[in-house]
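Biologist: I have the sequence and the fold open on my screen. Can you walk me through a few spots?
Modeller: Go ahead, pick where to start.

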Number of protein chains: 2
Amino acid sequence: MSADDPITAWLRPPPASVGPKPEYSRERIAAEAIALADAQGLDAVSIRRVARGVGSGPASLYRYIGSRGELLELMMDAVAGEYDLGPLGDSPAAQLVALALQGRSIMRRHRWLPPLLLTRPSMGPNSLAYLERALQALDGTDMAGADKLQTVAMLTAITSAFVQNETASDTLMGQDGVPPERVRYLSEVMGSGRYPFLTAAFTAAPNQAGPEELLGALIRNHLSGAGLRE
Amino acid sequence: MSADDPITAWLRPPPASVGPKPEYSRERIAAEAIALADAQGLDAVSIRRVARGVGSGPASLYRYIGSRGELLELMMDAVAGEYDLGPLGDSPAAQLVALALQGRSIMRRHRWLPPLLLTRPSMGPNSLAYLERALQALDGTDMAGADKLQTVAMLTAITSAFVQNETASDTLMGQDGVPPERVRYLSEVMGSGRYPFLTAAFTAAPNQAGPEELLGALIRNHLSGAGLRE
DNA sequence: TGGTAATTGCGAACAATGTTCGCAATGAAA
DNA sequence: TTTCATTGCGAACATTGTTCGCAATTACCA
């Protein structure tokens, strides 16, 4: 019953044959929600605002979705369709790295995506296609089935967390030159002398490598530990 | 200004010297919020319910916290205090694995924690102590400062994601014997024949190793890729 | 052709949320 | 004793997700 469970969005009955033709569509609604989230963040995705965007009344949306959570599922799956799942490279590791890099740019296009991916499963058709493709990359390796699933899950988790850190430090310094309270707090913490290792780590030279190389190295590290090299 | 930013909770002015003595405390409020979340999930942590729990009016809480987001920060930092940061082992890797295993049991005690950790930074005193301890474990290695931070961040991200998967599959089959819609959907997907690799991975024998061994292996994998062995 | 029944769009309403405002009561400092 | 920052909080506001009931629509069937 609980309509906020993941998955319920993909179990809707086939389009009815009697009654008035639907004026809107799940695709249209999801697109509007995505546009809203891209521009103003996830919190801007309220039923009423989405409805205004598609030109309907708020209650009408519930003919297409069962709950707000279901709408978020639709959004996730829609952007999962932005993957290019064609040939990706030779070794399994190279293929998975390529997928992760694609994931990074999708997540940077849609900054609301990492928190969602880290928080709820995505099981729509596009997400399943991505998952299938990633598992295909692991075909032929001697990894056990359960480990493959684990590995792919960690792949997206690592990528999401990485992008989240990345965009967080992009925003660390406010867009105006004024340092926000976060910076004030951090320097107070580091000045206290109570956290020498933290202070040292923060004071050290920032990483030279670009973000793509960094993420690639992270993924390769993870995979090499699991027995995969390129 | 935005009072929902992380960190603002730790920049409050020192206790005033004039005026009536506070009847409540941030600790008391956080404890009540944690009890609520442990019992009924994060959504149960509403200002009004917490206030009822501590025996105050809803508006009174705003003398202690700036926003609901700040309350969540207090909760996160309070449970970060459950770490035992004493001697943990010899090699850096062994120490970090020990920390991750502690993290796992904390997260299992507080199922609302992983989504929060994956979503917002935690920078209170207890969280900083944990971070400092993890960085200390990496002292002496030839890892660059920025990489150390990255590594520790990934450590908690991996642990959180792992626990989230773990408790999700615990709950996969509903507590009653009736398979929920999720299961129906999954078998429909696998029966469709459109996802052979996915089906194979799911059909394969589940992992033999216990969750602690599994998480330990994940962490060791990650670290060994970064140049650390035990 | 006319009627039946399912389905759509949606105005109105409900319960719950986070948060702000203003005021009476408190109590340390002057 | 006066001052005044600070506390607790009732009341209110805006906004949220969601449900209900009804009129309009349209395919199917007698």
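Biologist: Is B:Ser127 buried or exposed?
Modeller: This is a predicted model. In it, B:Ser127 is buried, because its relative accessible area is 9%, and the cut-off for buried is under 20%.

Biologist: Which helix is B:Ser127 found in?
Modeller: B:Ser127 sits in helix H6 of chain B, residues 125–137.

Biologist: And which side chain does B:Ser127 join in a polar contact?
Modeller: That of B:Asp77, at 2.8 Å.

Biologist: Switching to the DNA. Which residues come nearest to DNA strand C?
Modeller: There are 29 residues around the strand, and the nearest are A:Glu23, A:Arg63, B:Pro20, B:Arg48 and B:Tyr62. Of the strand's atoms that come within 4 Å of the protein, 54% belong to sugar and phosphate.

Biologist: What lies 2.4 Å from a phosphate oxygen of DNA strand C?
Modeller: A polar backbone atom of A:Glu23. B:Arg68 also has a polar backbone atom by a phosphate oxygen of strand C, at 2.8 Å.

Biologist: Those are backbone atoms. Which side chain has an N or O atom 2.8 Å from a phosphate oxygen of DNA strand C?
Modeller: The side chain of A:Tyr64.

Biologist: Which helix gives the most to the surface near DNA strand C?
Modeller: Helix H2 of chain B, residues 47–54, with 3 residues. By class, the surface near strand C has 13 nonpolar, 8 polar and 8 charged residues.

Biologist: Where does UniProt place the "DNA-binding region" in chain A?
Modeller: The unreviewed UniProt entry puts it at residues 46–65. Over that stretch of chain A the chain is 40% helix and 0% strand, and its end C-alpha atoms are 13 Å apart.

Biologist: New topic, holes. How many cavities of 30 Å³ or more does the structure hold?
Modeller: The structure holds 1 of that size. The space in the largest cavity is about 30 Å³.

Biologist: Which residues line the largest cavity?
Modeller: The lining is made by A:Tyr83, A:Leu99, A:Ala100, A:Gly103, A:Met107, A:Tyr130, A:Leu155, A:Thr156 and A:Thr159. Helix H4 (92–109) and helix H7 (145–170) of chain A are the elements that each give two or more residues to the lining.

Biologist: Which element gives the most to that lining?
Modeller: H4 of chain A, with 4 residues.

Biologist: And how many of the lining residues of the largest cavity are nonpolar, polar or charged?
Modeller: The lining has 6 nonpolar and 3 polar residues, and no charged ones.

Definitions and conventions
Residues are numbered from 1 along each chain as its sequence is written. Chains are lettered from A and ligands numbered from 1 in the order in which they are written. This is a predicted model: local features need pLDDT of at least 70, side-chain atom pairs count only at pLDDT 80 or more; totals for chains, interfaces and linings use all residues. Side-chain values use heavy atoms; hydrogens and water are left out. UniProt positions are given in the numbering used here, feature names are shortened, and annotations may be inferred rather than shown by experiment. On a 1 Å grid over the protein atoms alone, a cavity is a set of points where a 1.4 Å probe fits but cannot get out, and a pocket is an open set with protein on both sides within 12 Å along at least five of seven lines; lining residues have an atom within 4 Å of a point. Grid points are joined across faces, edges and corners, and a volume is the space filled by probe spheres set on the points. Ala, Val, Leu, Ile, Met, Phe, Trp, Tyr, Cys and Pro count as nonpolar, Asp, Glu, Lys and Arg as charged, and the others, Gly among them, as polar. A residue is near a molecule or strand if one of its heavy atoms lies within 4 Å of it. A polar contact is a pair of N or O atoms within 3.5 Å; within protein, one must be able to donate a hydrogen and the other to accept it, and residues adjacent in sequence count only if both atoms are side-chain atoms. Buried means under 20% relative accessible area, exposed over 50%, partly exposed in between (1.4 Å probe, protein chains only).
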